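Biologist: Hi, could you walk me through this one? I'd like to start with how the chains meet.

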4 protein chains.
Amino acid sequence: MIPAGPPVDDTIQRLSGVLSPGDVIVDGGNSNYKDSIRRAEALRSQQVEFLDTGVSGGIWGLKVGFNLMVGGNQAVFKQVEPIFKTLAPADGYAYVGPSGAGHYAKMVRNGIEYSMLQSYAEGFEILKAAPFNFDLVQLARLWNHGSVIRSWLLELAQAAFERDPQLAHIKGYVEDSGEGRWTLEEALAHAVPTPALAMSLFMRYRSRQEDSFSAKVLAALRNEFGGHPVRAE
Amino acid sequence: MIPAGPPVDDTIQRLSGVLSPGDVIVDGGNSNYKDSIRRAEALRSQQVEFLDTGVSGGIWGLKVGFNLMVGGNQAVFKQVEPIFKTLAPADGYAYVGPSGAGHYAKMVRNGIEYSMLQSYAEGFEILKAAPFNFDLVQLARLWNHGSVIRSWLLELAQAAFERDPQLAHIKGYVEDSGEGRWTLEEALAHAVPTPALAMSLFMRYRSRQEDSFSAKVLAALRNEFGGHPVRAE
Amino acid sequence: MIPAGPPVDDTIQRLSGVLSPGDVIVDGGNSNYKDSIRRAEALRSQQVEFLDTGVSGGIWGLKVGFNLMVGGNQAVFKQVEPIFKTLAPADGYAYVGPSGAGHYAKMVRNGIEYSMLQSYAEGFEILKAAPFNFDLVQLARLWNHGSVIRSWLLELAQAAFERDPQLAHIKGYVEDSGEGRWTLEEALAHAVPTPALAMSLFMRYRSRQEDSFSAKVLAALRNEFGGHPVRAE
Amino acid sequence: MIPAGPPVDDTIQRLSGVLSPGDVIVDGGNSNYKDSIRRAEALRSQQVEFLDTGVSGGIWGLKVGFNLMVGGNQAVFKQVEPIFKTLAPADGYAYVGPSGAGHYAKMVRNGIEYSMLQSYAEGFEILKAAPFNFDLVQLARLWNHGSVIRSWLLELAQAAFERDPQLAHIKGYVEDSGEGRWTLEEALAHAVPTPALAMSLFMRYRSRQEDSFSAKVLAALRNEFGGHPVRAE
């Protein structure tokens with residue numbers, strides 16, 4: 001989990017003692033873009049610059065490369081660009097807009113990731129339930145070969161199934177980092193219909209419920225009006 | 001569960017021995033409307049009439065009245081109308097269209113029921129999770145008093161919460177009769193977007209899964225790309 | 001639209017000049033429960049009491065009665081209870097919890113309303129697309145007679161179809177008050193899966209889009225990988 | 001559109017005149033797997049073999065390679081394997097199971113594609129609505145560089161935005177081939193919750209509606225109970 005929230009404010013607080021006008025802070029964590037806008041403004045009063053930098057690539061960044069989405073003052077970006085160029089050569093980094101834009105872009109990227117994961121997960125669950133005894137490793141490998149749905153995530157799925165074809169040792173319990181919720185909150189704020197994102201998040205919530213109160217209400221009501229039997233808890 | 005499927009064909013089969021031209025069969029079960037169309041056509045060749053009659057009212061029909069949606073030949077409907085009038089007086093019955101229309105209307109009615117149940121269930125789950133210690137019986141009672149969301153289902157919810165305020169003795173395990181699926185299949189066949197119906201059905205499916213393979217795939221992939229820990233099964 | 005937001009703060013501001021310790025302000029609007037908590041705390045310092053009171057019943061309140069969900073200090077509630085009793089006799093009002101609880105309960109009630117409306121709307125759209133020529137007025141009337149899905153909203157649907165059977169004079173453009181979003185934000189904050197609520201809100205957003213950028217992206221990508229034709233804007 | 005349905009039966013019909021026992025038919029189209037099972041059985045009686053072969057790779061197959069998922073009799077597969085090896089070398093083809101398995105696997109692959117497309121589409125619509133003026137070409141390029149969500153579809157999105165950054169010349173009108181519906185029908189048949197797939201399909205349906213009857217019902221009801229204004233059609 002990349003640091004965000006209070007730890008970032010604490011660090012800035014601690015740094016402020018040693019910072020002088022013209023210094024630049026680069027937040028490469030998963031901060032909420034609203035916090036980044038607030039921090040950039042607060043630091044500006046001390047003439048300290050702040051670049052919110054979304055970093056994408058997961059734990060594989062070192063091996064397969066990663067990318068940087070930088071938000072803030074463009075002149076300041078130019079000033080420290082050599083650092084970004086060294087970290088993420090070629091098309092690996094870019095200035096994407098004013099303060100907040102870097103973490104906003106990263107946030108949306110994560111939101112897309114939630115839905116893509118759900119997309120593959122649903123497909124594999126259908127294959128598991130199908131009237132055929134499919135080899136998921138074989139299909140993941142095939143689909144990574146010239147198929148429209150090939151992707152890095154599908155390569156990872158292939159690797160996961162090779163290790164444990166039935167995922168027998170993994171519980172279907174899925175956490176969510178804040179970023180999926182933030183992306184959905186942005187969609188709500190701007191009236192953008194994002195059903196796949198919302199459902200991807202809800203299925204994670206559901207995966208963490210031992211029992212569902214909603215389902216209890218349904219069972220209770222079906223019993224009330226239709227005499228449908230309920231299962232005792 | 002109102003009989004449907006093979007039992008209906010068996011009964012018609014058994015009856016066919018004693019039926020003479022002009023006789024009328026009334027199927028008051030939850031048959032699939034396509035079966036009703038097929039049966040009406042098959043019987044027509046023997047000059048036996050068939051009325052597919054959706055019956056709605058649940059186990060409360062006797063006490064609070066119910067309604068009949070009749071499909072088939074309108075002249076035949078007129079002929080047996082006295083029976084319907086006796087069973088469901090006043091606005092309790094109607095001829096809704098040709099063969100299949102009665103069971104089609106009943107099917108859609110059930111589909112609406114699925115979504116309404118989910119609507120209340122979600123609301124009560126939010127109240128359970130809220131930062132307030134709400135009395136669900138009290139709120140159900142209040143909302144049944146002049147509120148826009150008052151309904152017979154909400155009266156039943158009030159009754160259910162009065163009996164078991166936390167629904168502590170009921171497991172969140174929800175079956176589904178075929179009718180929700182049939183309604184969704186019709187929506188698919190005619191390209192009608194029905195997200196609330198689909199999600200209401202899916203949450204029932206999910207309520208019956210001990211663990212979710214989709215969630216296992218998500219957990220496995222998050223571990224692959226982000227090193228996020230997984231829970232052992 | 002019942003007043004909420006700045007108008008409420010302005011009114012409290014104006015009132016504060018004439019209020020003395022022990023006075024009670026009752027906010028019967030659709031305020032966000034977080035604002036109500038903030039206002040109650042701010043006024044407490046001036047020893048002015050604040051009761052956040054969710055009012056439900058729509059424009060029909062006077063005719064068919066409405067209900068009041070009151071949040072705040074219970075002793076203060078007792079003090080002004082005669083007013084509530086006069087406005088909403090019998091089971092028409094209740095003290096539901098500390099500051100914020102009244103508007104929270106009202107918010108969730110509205111959230112349920114969103115999903116119920118979507119439930120009926122989807123059902124009627126399926127009937128419109130069905131291979132039968134259904135009379136929606138007739139079915140709404142039937143279903144209001146002893147059916148499990150009977151409700152006040154369905155009575156209003158019956159009235160609306162009686163006035164305009166095809167809703168030919170109404171555009172499918174649907175606004176949303178803030179309350180549906182707030183309810184969804186609460187569901188997100190407490191990890192409650194609320195698919196029907198989310199989809200009900202998204203379909204309203206979608207109803208207000210002339211064209212959908214998501215759909216443009218889909219059309220563009222299908223053209224890229226499959227050569228599927230696109231329609232020119 | 002790859003041929004399926006009647007054209008396939010017609011072709012088999014025409015071929016049957018010239019086929020002799022031991023001949024093999026390979027259906028490389030997007031047939032429904034149930035049709036493929038039916039056809040394989042029918043041909044078996046004439047001792048003609050049938051291999052249902054899902055072909056994936058779109059119009060890019062020739063350039064970037066494609067893959068073949070073969071269903072049917074494994075001995076027959078071995079017999080014609082040289083052809084598959086020539087068409088799709090290396091990991092490009094595989095025997096995935098008995099008759100129907102090939103087209104079933106292809107069907108699910110397409111279902112996943114529906115949800116993946118919706119995942120990206122929602123993300124880009126949020127970026128369009130965001131409080132920043134994002135360059136979608138730039139972000140697509142960045143995300144294709146070491147990001148967790150990089151994929152072939154995202155490369156195509158980059159190409160599409162390079163050609164028309166606002167997709168100003170493309171209407172948001174999206175067709176659906178039968179395969180998304182078939183996949184959802186399979187999910188329904190086996191009680192697999194597939195919300196992302198269902199919503200991806202529904203948003204395509206919605207994109208083809210000039211106006212929505214569901215939305216008309218909502219607007220009408222909000223006017224009935226709350227006096228909310230409606231827009232005239």
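Modeller: Happy to. Let's fix one term before we start: a salt bridge here is a side-chain nitrogen of Lys or Arg within 4 Å of a carboxyl oxygen of Asp or Glu. This is a predicted model, where local features need pLDDT of at least 70, side-chain atom pairs count only at pLDDT 80 or more, and totals for chains, interfaces and linings use all residues. Residues are numbered from 1 along each chain as its sequence is written, chains are lettered from A and ligands numbered from 1 in the order in which they are written, and side-chain values use heavy atoms, with hydrogens and water left out.

Biologist: Great. How many salt bridges are there between chain B and chain A?

Modeller: The rule finds two across that interface. In one of them, B:Glu224 pairs with A:Arg163, with the closest N and O atoms 2.4 Å apart. There are also 20 residue pairs in polar contact between chain B and chain A, both residues at pLDDT 80 or more. A polar contact is a pair of N or O atoms within 3.5 Å; within protein, one must be able to donate a hydrogen and the other to accept it, and residues adjacent in sequence count only if both atoms are side-chain atoms.

Biologist: Which helix gives the largest share of the side of chain B that touches chain A?

Modeller: Helix 10 of chain B, with 14 residues. Helices (H or I, at least four residues) and strands (E, at least two) are DSSP runs, numbered from the N terminus.

Biologist: And how much area do chain B and chain A bury?

Modeller: About 5,400 Å² between them, 66% of it on carbon and sulfur atoms. That is the accessible area (1.4 Å probe) that two parts lose on being put together, summed over both. B:Phe213, B:Glu224 and B:Phe225 lose the most area in chain B, together 14% of what that side buries.

Biologist: Switching to chain D and chain A: what turn lays one on the other?

Modeller: A turn of 180 degrees with a shift of 0.0 Å along the axis, giving an RMSD of 0.0 Å. That is the relation of a two-fold axis. Copies are superposed by least squares on the C-alpha atoms of residues with pLDDT of at least 70 in both.

Biologist: Which residue of chain D comes closest to that axis?

Modeller: D:Ser151, whose C-alpha is at 2.0 Å.

Biologist: How many salt bridges there?

Modeller: Zero between chain D and chain A, though 19 residue pairs are in polar contact. The two chains bury about 5,800 Å², 73% of it on carbon and sulfur atoms. D:Ile126, D:Phe132 and D:Val148 supply 12% of the area chain D buries against chain A, more than any other three residues.

Biologist: Now the core. Which residues touch the most other members?

Modeller: In the largest nonpolar core, with 236 residues, they are A:Phe124, B:Phe124, C:Phe124 and D:Phe124. Such a core is a set of buried Ala, Val, Leu, Ile, Met, Phe, Trp, Tyr and Cys residues joined through side-chain atoms within 4.5 Å. Beyond its neighbours within four places in sequence, B:Phe124 has contacts (heavy atoms within 4.5 Å) that include A:Phe213, A:Val217 and B:Trp143.

Biologist: Last one: is C:Leu142 buried or exposed?

Modeller: Buried, with a relative accessible area of 2%. Buried means under 20%, exposed over 50%, partly exposed in between (1.4 Å probe, protein chains only). C:Leu142 sits in helix 6 (residues 136-143) of chain C, and its contacts outside four places in sequence include B:Leu68, B:Met69 and B:Tyr93.
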